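User: I am new to this protein and would like a close look at its interior packing, starting from one well-packed side chain. Please keep the sentences short and work outward from there.

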Amino acid sequence: MIRAKINGVERDFSEGITVLAAAREAGYDIPTLCNDDRLDPVGACRMCLVEIKGRAHEAVSCTTLLADGMDVWTHSEPVETARKWNLRMLAGNYPADAYVKFPDKPFHRLAADYGLTTDDFNGGQSVPKDGSHTYIDVDMSRCINCYACARICADVQGQFVWHVVGRGEASKIMPDSFGAFGDSTCVSCGACVDACPTGALEDKTVIERGFPTEWTRTTCPYCGTGCEMHVGVRDDKIVQVKPVMDAPVSFGHLCVKGRYAFDFVDAADRITEPMIREDDGWLVVSWEEALQFTAQKLKEIIKESGPESVAVLGSARATNEENYLAQKFTRVVLGTNNVDSCARVCHTPSAAAMKIMIGTGAATNSLDDIEKARTIILCGCNPSENHPITGARIKQAVIKNGTKLIVVDPRTTELTKYADVHLRLRPGTNILMFNALAHAIIDEGLTDPEFVRTRVSEFEEFKEFVAEYSPEAVAERCGVDAELIRKAARIYATDTPSMAMHGLGMTEHLQGTEGVMTVVNLALLTGNIGKPGCGVNPLRGQNNVQGSAHMGCDPGILTGSVAIETAKDLFESVWQRPVPTAAGLNQLQMIDAARDGKLKALWTIGYDVFLSNANAHETAKGFSNMDLVIIQDFFLNETAKRFGHVFFPAVSSFEKDGTFMNGERRVQRIRTAVTPRGNAHSDLEIICDLAAAMGFEREFSFKTAEEVWNEIRLVWPDSFGMTYERMENAGLQWPCPELDHPGTQILHATSFSNGVTAALKRIKYRPTKEVVNEDFPFMLTTGRVLEQFNAGTMTMRTPNKELRPTDLLMISRADSERLSIADGERVRLKSNYGEAILPAQITERVKQGELFASFHDAEVFLNYATGKVRDRFTQAPEFKVTAVRVEKLNGGVAK
């Protein structure tokens, strides 16, 4: 500790604190314009000057460290005079109309506080405004050269879009396009807008719609990172979203979707009234009519065909509370375990693999471990686009901390240029690659002997098994040099702690579950589990996909991811109803059963199954054969348009309360920011009302999300300590079994959830049946892109569509030249299962013979071309491997 005086009051402070931070700690507000807690201080604005007794000149408090015995005065007459002089210098070349029009801007507020008037503002540089960016307006006549935009773009996002050009008074800020901002490499995170103290950079929405009058803290409705946001509302319309600065996951940062893609709430085609299909058209009805019609039809089907003929799909876009109610409705009201969610087609293989091996099917560590890791291995994931805030944190860890990075991915992604090793394997060879990494670790004596001795079993059997998977033995089949595989193994095993993060490139395969097991094997061999900076961590794809399955929207588990037979008695004591024990159907099995005439009714909540499932032709056969398809969503999605019989209009997460669970097991609050649109109801209300219509009002008498959460706490012991009150200011990570428990950041520190030791799994490579041949010479992989999200239900109804209007087919330059395909030319993508038509994008990001396409645009409907192969354990579709060919059309280049 050091002792110093601030404004005559002596007190103790921590060593290493700046004068600015010390003054604020003592309760004194020193003005700043360029200071941002997310950035290292530079003192560019000269507003945080203070007087330090014994020094000849004022000191910049943000860059000056407090020293023992210092005597600091924050608002002495010389300091205040200097600040006012600095403000006048800045105002001398600044437009007066902006000062008057936007009084709440930090620079304008400070100028007013120090007595400046419009007479002090003398015009501004003659700089044309730049409105070329989809979301951000640029007016450099209001730039005061604080450089905050350039610093935050570099130091938080790591994008380096804004540059300082020139020196001294001649310096100016320019985007990396050195022209229109819309032509730059900006990824639309909005951080520069937040950092700008003048409005030189401003969100277009507030210029067009006015500044917010109310703010609500909530959680992002997009990927599974769980970023927190402040939603700004004016006249009951969302006009701006800003990041929560102290959010434990995102630390004051958002991506283009979380920051800007909110206009779907008031999209023109939003459905806000219940509807029933009649004679190939939709009839608007009352809620009572819709609920009674649906209840009667379900009763009739159950009476005639039994409870196993009906099913429910929960939603990754719904809250934990609503997913809990969905599975409770299925089991209590319908009497079946036929309940699932979209987790089935993405990370159910992760949950299954990790539960089998280490007892818990969830991330072992936290996102904060990114900064603690010395090595990060990214396995089949592209966080820069699919989990952008996580991706930015990884990028900054590499740039700032020197963290080693290994990327295992067939494509070149943004993070591969920062990687020490890029294992650019052939699609479908994950098992070969990760067995080879394990072989190299054992072969070169790089295991953690003590960890293996005390925490791992079946090592000798595993060592014998992987002997045939040496890097040299698999290199040709993987398409990766053996020495590169060995280099990656050395880095992962020696530059520890090493953190593994994986995505759908590991799970959406014939051996998806087994692929994740091979990642766990690496962690066990090297002791990279159960401590900071390491572990095995699935990057969950949707805002509550972790929560939807964990709440029990899975045919084999109840809330808390416990087996039905294990927890049946506890649930029956709370529900006062029997829990069915007959095996339920997962989502893919439901479609199969419908095709075969066994499943008669399906209620799908917030999930466009038809557009999302692989092999869409087969999905269509299943839906066409059902007697009742209930759709619950914001819009008439593709499933509703073609197959729906009843439509329940739901509200978005901006219109209700509850909780989401992110990919690191953190449960966080969401809160109502705007009123529900039209006659739309929350999923909670709809489920409870339908239960009541079917005679189960007592069991579903919940009025608030908190009431539901409190029942969840009774049936899931590891959540008991997580009350709404405790989660008011920050989320908590389970397990959190007691009211005074802090939550759990790291699992498996001393033992695994299923025992002290974990067995290494001997995973034999089984090649997929999807192989290239003369008719289908290309291998297609599908996935997401930064600007769009899954089925496009939300993002395609926002200006994000300007940033990414449709899906594109990535093809190598060599292949495009061989086929005479131009960039942007619409081509036919054809497989054994179907076809899709979309524009080509010529790129070096994919290798010859390999293609990549996203699946967001319903007009493209890429899943007509994807295949029927499924994971051997969980039946997740093999989206990552489909043999295809590319055909030219008669049409020209797509606009």
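Analyst:
**A core residue and what surrounds it**

Start at Phe700. Setting aside neighbours within four places in sequence, Phe700 is in contact with Leu325, Lys328, Phe329, Val332, Val333, Ile687, Cys688 and Ala691. Keep in mind that this is a predicted model.

Phe700 belongs to the largest nonpolar core, which has 60 residues. Phe329, Trp603, Phe648 and Phe700 have the most contacts inside this core. In soluble globular proteins, nonpolar side chains tend to be buried together. Apart from the largest core lies another, of 56 residues. Ala353, Ile441, Ile442 and Leu760 are among the residues of this other core.

**From the core to the sheet**

Now look at helix H10. H10 covers residues 320–334. That range takes in Phe329, one of the contacts of Phe700. H10 lies across strands E15, E16 and E25. The helix runs at about 165 degrees to E15. Strand E25 covers residues 601–605, a range that takes in Trp603.

These strands belong to an open sheet of seven strands. The order is E14-E13-E27-E26-E25-E15-E16, with mixed pairing. Which strands sit at the edges of this sheet? They are E14 (281–284) and E16 (339–340), and each pairs on one side only. Strands of a sheet pair through backbone hydrogen bonds, either parallel or antiparallel. E15, residues 310–313, pairs with E16 in the parallel sense, over two bridges. Here Leu313 stands opposite Asp340 in E16.

**An enclosed helix and the loop after it**

Next comes helix H20. H20 has 15 residues. From its first C-alpha to its last, the helix reaches 22 Å, close to the 21 Å expected at 1.5 Å a residue. Is H20 buried or exposed? Of its 15 residues, 15 are buried, so H20 is largely enclosed by the rest of the structure.

Gly527 follows H20, with a positive phi near 70 degrees. Then find Lys531. It is in the loop between H20 (512–526) and strand E22 (535–538). Why does Lys531 count as partly exposed? Its relative accessible area is 33%, and partly exposed covers the range between the 20% limit for buried and the 50% limit for exposed. A polar atom of the Lys531 side chain lies 3.2 Å from the backbone oxygen of Gly527. Not counting residues up to four places away in sequence, Lys531 touches Asn365 and Ile746.

Lys531 also leads to Pro497. The two are 34 residues apart in sequence and 8.2 Å apart in space, C-alpha to C-alpha. Pro497 is in the loop between helix H18 (482–494) and strand E21 (498–502). The peptide bond joining Thr496 and Pro497 is cis, with omega about 5 degrees. Another cis bond runs from Trp734 to Pro735, with omega near 0 degrees. Pro735 is in the loop between strands E30 (732–733) and E31 (758–759).

**Two positive phi values outside glycine**

Check the backbone at Tyr147 too. Its phi is near 65 degrees, a positive value in a residue other than glycine. Tyr147 is in the loop between strand E6 (136–138) and helix H5 (148–157). With a relative accessible area of 25%, Tyr147 is partly exposed.

Glu458 is not a glycine either, and its phi is positive, about 65 degrees. Glu458 is in the loop between strand E20 (456–457) and helix H16 (459–465). At 34% relative accessibility, Glu458 counts as partly exposed.

**A buried strand**

Finish with strand E32, residues 778–783. Six of its six residues are buried, so E32 is largely enclosed by the rest of the structure. Both faces are covered. Phe778, Leu780 and Thr782 are buried on one side. Met779, Thr781 and Gly783 are buried on the other. E32 pairs in the parallel sense with strand E36, residues 850–854, over five bridges. Within that pairing, Thr782 has Ala853 in E36 as its bridge partner.

To recap, Phe700 is among the residues with the most contacts inside the largest nonpolar core. H10 lies across part of the seven-stranded sheet, at E15, E16 and E25. Elsewhere, H20 and E32 are each largely enclosed by the rest of the structure.

Methods: Residues are numbered from 1 along each chain as its sequence is written. This is a predicted model: local features need pLDDT of at least 70, side-chain atom pairs count only at pLDDT 80 or more; totals for chains, interfaces and linings use all residues. Side-chain values use heavy atoms; hydrogens and water are left out. A nonpolar core is a set of buried Ala, Val, Leu, Ile, Met, Phe, Trp, Tyr and Cys residues joined through side-chain atoms within 4.5 Å. Buried means under 20% relative accessible area, exposed over 50%, partly exposed in between (1.4 Å probe, protein chains only). Contact means heavy atoms within 4.5 Å. Two strands pair if DSSP finds at least two bridges between them. Helices (H or I, at least four residues) and strands (E, at least two) are DSSP runs, numbered from the N terminus. Axes are lines fitted to C-alpha atoms, for helices over the stretch in contact, and angles run from 0 to 180 degrees between N-to-C directions. A polar contact is a pair of N or O atoms within 3.5 Å; within protein, one must be able to donate a hydrogen and the other to accept it, and residues adjacent in sequence count only if both atoms are side-chain atoms. The expected span of a helix is 1.5 Å times one less than its number of residues.
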